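Have a look at the model below before reading on. The notes after it go from the overall arrangement down to single residues.

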2 protein chains.
Amino acid sequence: MASIKASIPKGTRDFGPVEMIRRNHIYDTIKSVFKKFGYQEIQTPTMENLDTLTGKYGDEGDKLIFKILNSGDYMLKADGLKQKGEELSSKNLLPLISEKALRYDLTVPFARYVVMHQNEIAFPFKRFQIQPVWRADRPQKGRYREFYQCDADVVGSNSLLNEAEFICIYDEALSKLGLTDFTIKINNRKILTGIAELIGKPSQIVDLTVAIDKLDKIGLEGVEKELLSKGFTAEDLQTLKPVILLAGSNEEKLAQLDTILEASDSGLKGIAEIREVFDYLASFKLNKAKIELDLTLARGLNYYTGCIFEVKTNEVAMGSIGGGGRYDDLTGMFGLQNLTGAGISFGADRIYDVLEELNLFPHTTQESTKVLICVFGKEEEKYALPLLASLRAQNIHAELYPFGAKIKKQMQYANDKNIPYVIVIGGDEMQSGKLTFKTMQSGTQEQLSVDEIMKKVMVS
Amino acid sequence: MASIKASIPKGTRDFGPVEMIRRNHIYDTIKSVFKKFGYQEIQTPTMENLDTLTGKYGDEGDKLIFKILNSGDYMLKADGLKQKGEELSSKNLLPLISEKALRYDLTVPFARYVVMHQNEIAFPFKRFQIQPVWRADRPQKGRYREFYQCDADVVGSNSLLNEAEFICIYDEALSKLGLTDFTIKINNRKILTGIAELIGKPSQIVDLTVAIDKLDKIGLEGVEKELLSKGFTAEDLQTLKPVILLAGSNEEKLAQLDTILEASDSGLKGIAEIREVFDYLASFKLNKAKIELDLTLARGLNYYTGCIFEVKTNEVAMGSIGGGGRYDDLTGMFGLQNLTGAGISFGADRIYDVLEELNLFPHTTQESTKVLICVFGKEEEKYALPLLASLRAQNIHAELYPFGAKIKKQMQYANDKNIPYVIVIGGDEMQSGKLTFKTMQSGTQEQLSVDEIMKKVMVS
C-alpha cells in the first residue's frame, strides 16, 4: 500500500489528551448542573434525512449543510435526467444522489425527536444534548466546520419559572467553572414589539435595536443620525428618545418602560414577563452572575417570541458565551402544533478559550496517571507488579513503564504525561525494600517502603 | 412552511433519557478502567479525507464508506469529464464530487493521528477513543449504520505487559458492569503460522482454524472430512491431529504445543509469548474472567501479528463482546514505519444487550431527579421555591412542577421520570409547615417539616 500524507479536512480538529480532559471538564460541569435542574440527556443521529433539515435554516443555511452521497451506484437514479436530456447540474442532481445530511444544529433534530417520540415523553420535557454539528462555512480562526453544541430546552411548559431556572443554570455552571464576573442579559420580544408598535414600524425592529446598541460608542446624536438614515422620522425619534436613553437599575428601567409602553398591550405583557422572571430569581441565590435588562438584545429575533438571553464574560474580550430564549411552535414544522418551548445554549469552544486565557483549568486532575513505576530491568519489573496491582486496587491510576528503556527516558515520559509521582526500583531498592519515591513538582526524592508509599499517594 | 413527517435514516437511532443513562453507565465504567491503566482519551474528526480511508478496508469496505458531497457547486469539477465526453458514472464522478467521508472505524484515524502528532506524543502512547463510526451496511437486527466503537491501543511498546494489562482491563471493566461468567480467549498469530508451517500450507490457515473450531459440533471425523474437502491431504491430517485434539488446561495445551511445534521457530516464539502473558497475569488478581488458550481464534488474521484476544460471555447467547490483538506497522500506511502496537475493543452495543437481558443496569441512579415538588397553586409555588433552592444547594437533583397542572398529572410526571420522592404542598401544608412527603416506590406518605425532609433525602 503506497503511503499517503496524514492530514485532516480543513475546519476540523483532533483533540489530544490534554484538550480532552479540559473539554470534558467543561461538559461535565455543565451536565452536572443540567441534571440538578431535572434536564435529561438525549442523543440524535449524526445523519438526518435531508428533507428534515432543508428549509429550516434559510437559503444560506441550506448551502452550508453537508450532504451525504447515497451509497452504491448513486448515479443510477440520474438516468431519467440523462434520458430527458436535462442538464446534470449540481442542483438537478442533488435530490437524486443525496438523501441524508449531517446535523446542522441540535434544535431541528430535537424538534424531530419530540414529534417522533411524543407518546413516550413525559411533558414538560426537559432535555439536554451535547453533540457535534457540521457546517460547510469557510473555516477561519475560531470558526470550525465541526463543533460541539451544548443545549438545554424545555417543551410543553409556558411557566416563566423555566426562564428563571435557565438563569440559575448559567450562573451555577459558569461560577463552577471559575468565572467571577459575567453578565446574563435579558430582553423580551414582546417589549421590542411594543416599541415598534409605538412608532408603527414593526418591520424595522432590527435597525432600531442595532442603532440603540451603539449609544455608548456614538452618543445620542450618532444614534439619531443612524436612525434617520434608516428611514425613521423626526417624530419617531421623539417617541423613541426615552427608549434610547433608558438607563438605571433593572427596576428603574422597567418603571420607565411602564410609562413608555403603556399604550401597547404587547409591550406591557413583555414587561410583566420580565418582572415575573425577576420575582422567581428573588427566591434563588445567584453566585456570580449579574443580570441586566438590555433592550438592544435581539438575537434570533424571528425565532424567539418571549424572553431572550445572552451571556457575556466581563473578564475577557470575547463574543457571547451563551444565549437562548422562548420560542413558540418549535415542532410545527413536523406537524405537532402549539407546543411552546424555551432553551439555552452554552458556547463551549469560547468558554474553553476564556478558561484558558484566565488560567482556570484545574492543574491537577483525577483523570491522569498519578504514579509511574520505573524499573531498571526484568527482575525489578517482576518485583514491581504486585505494587502496581495494589495501587490500582486502591483506585489509583498507575502505570509501569515496561523495562528496557533508560531511566531518563522513563522520567521524561512521566514529565510529558504530567504524572506527579514516580517510583524507581533498582537492585538496591529490591534489597532494602525501600523504594525511591520522587515527587516530580518539587523534585524531592525519598526512600520509602511500599506501605509508606501507599499511604502517601492515597491521601495526596 | 409545509410540515413533513418526522423520521430518521434507516440504520440510525435516537437515544432517549433512559438509554443515555444506561449507555453512559457502560462507557463511564470502561473509561474509568482505561484511565486507571494510564490510557488517555483522544477524539478525531467525524470527517476524514477520503484518501485517508480508501483502500484500508478492502474493496467491500470501500463501498461501505459514507462519502460526503463537496459543498457549493460540486458539479463544476465534472466539466472536464463532460467535455471529454466521458461517462458520468458513479465511479468516474466520485473523485470529482467527494473529498471527505465519515469515519469507518477508530483504528485508521488513530494511525493518522499518531503520524500527524508524533512530535507531541509521549511514547509508548496509550490512548482510548469512544466515538461513533458509520458504515453503509444493509441495516438489520443488531446491525446499525451508526454505532459506537470503544477502543484502547498502545503504540511504541513491544512489551507483553501491555497484553496482560488488556486482559486485566477486560476483567475489571466487565466485572464492574456485573458480569460474573465470561471468558477471555487468547491465541497467537505466530502459533498459527507455526501450525501452517508444519504442513507447508501457510495460506490455508483460515480454512484450518474454521474447521478445528467445529470439533465440538461435528467431532473429529467431521473436522477431518471438512479439511479433506478444503484440499488438505491425509498426511496433513495425521500431522494436524494433535492440534485438533488439543485439550486440557492452558498449561497442558502449551506443554503439548511445545512438542507439536518444536520444529517451528515461529510457533515456539508464539508459545513463549503466551507464557509470558500468563506470567504477568500471575502477579495480577483477576476478578471474574476465565482465560482460555484457543487455537481456533483467528479474528482479523491478516492484521494481527502476535497475541489475539476475544471475549465472550457465558451467561447469554451472544457473539463476542470484545476483541483485539497486536499488530505491527499500523502507521506504515501514513509513512511512519516500524511502530508496533496492540489494542482492544469493547462491543458496547452487545454489552448493552447483555446487561439488559441479565437485568444488570442499576435501578437507581445519581443521574436523574431525586425530588419533585408538586404545588396546588401560585402561592404554594412561591412557598416552595426556597425549599427547591435548598435541595439544589445540597446537590440534590430537584424539580418543581410549574403550578397549574392537576396533582394527578404531576404525580404521573414523577412516575414517568422515575423520581423516587415527591413533596406535595397545598394550603394545609403551608399553614402547618408540615409538608406531604411521598416515597413513590412504597407509596408511603408522611407529614414532615422542611428540615426533616432535607435530612431524609440527603441520606437516602
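What follows is a quick tour of the symmetry, the interface, the domains and a few local details.

## Two copies and their axis

First things first: this is a predicted model. Chain B drops onto chain A with an RMSD of 0.1 Å, using a turn of 180 degrees and a shift of 0.0 Å along the axis. That is how a two-fold axis relates its copies. If you want to find the axis from the chain B side, go to B:Ile68: its C-alpha is the one in chain B nearest the axis, at 2.2 Å.

## Where the chains meet

The contact draws 99 residues from chain B and 99 residues from chain A. Of the interface residues of chain B, 100% are also interface residues in chain A, so the two copies meet through the same surface. Putting the chains together buries about 8,800 Å² between them, with carbon and sulfur atoms giving 58% of that area.

What about charges and polar groups? Side chains of opposite charge can pair when their charged atoms come close. Across the interface of chain B and chain A there are eight salt bridges. In one salt bridge, the side chains of B:Arg112 and A:Asp14 come together at 2.6 Å, N to O. The polar contacts between chain B and chain A come to 45 residue pairs, counting those with both residues at pLDDT 80 or more.

On the side of chain B that touches chain A, helix H15 (residues 378-393) of chain B gives the most, with seven residues. By residue type, that side of chain B splits into 49 nonpolar, 25 polar and 25 charged.

## Domains of chain A

How is chain A divided up? The domain assignment gives domain 1 as 17-46 + 102-357, domain 2 as 47-101 and domain 3 as 371-459. Domain 1 is thus listed in two stretches, 17-46 and 102-357, with the 47-101 of domain 2 written as a separate entry. Between domain 2 of chain A and domain 3 of chain A, the C-alpha centres lie 59 Å apart.

## Backbone details to check

Which peptide bond of chain A is worth checking for cis geometry? Try the one joining A:Phe123 and A:Pro124, which is cis with omega at about -5 degrees. A:Pro124 sits in the loop between helix H6 (107-116) and strand S5 (125-134) of chain A. Over in chain B, the bond from B:Phe123 to B:Pro124 is cis too, with omega near -5 degrees. B:Pro124 belongs to the loop between helix H6 (107-116) and strand S5 (125-134) of chain B.

Another one for a Ramachandran plot is A:Asn338, with a positive phi near 60 degrees in a residue other than glycine. Look for A:Asn338 in the loop between strand S10 (322-327) and strand S11 (341-346) of chain A.

## Salt bridges overall

Over all chains, the salt bridge count comes to 58. One of them links the side chains of A:Asp79 and A:Lys82, at 4.0 Å from N to O. A:Asp79 and A:Lys82 share helix H4 (residues 79-83) of chain A, where they are three residues apart, about one turn of the helix.

Methods:
Residues numbered from 1 in each chain as written. Chains lettered and ligands numbered in written order. Predicted model: local features only at pLDDT ≥ 70, side-chain atom pairs only at ≥ 80, totals over all residues. Heavy atoms only, no water. Least-squares fit on C-alpha atoms with pLDDT ≥ 70 in both. Contact = heavy atoms within 4.5 Å. Buried area = accessible area lost by both parts, 1.4 Å probe. Polar contact = N/O pair within 3.5 Å; in protein donor to acceptor, adjacent residues only side chain to side chain. Helix = DSSP H or I, 4+ residues; strand = E, 2+ residues; numbered from the N terminus. Nonpolar A, V, L, I, M, F, W, Y, C, P; charged D, E, K, R; others polar. Domains from an automatic or database assignment.
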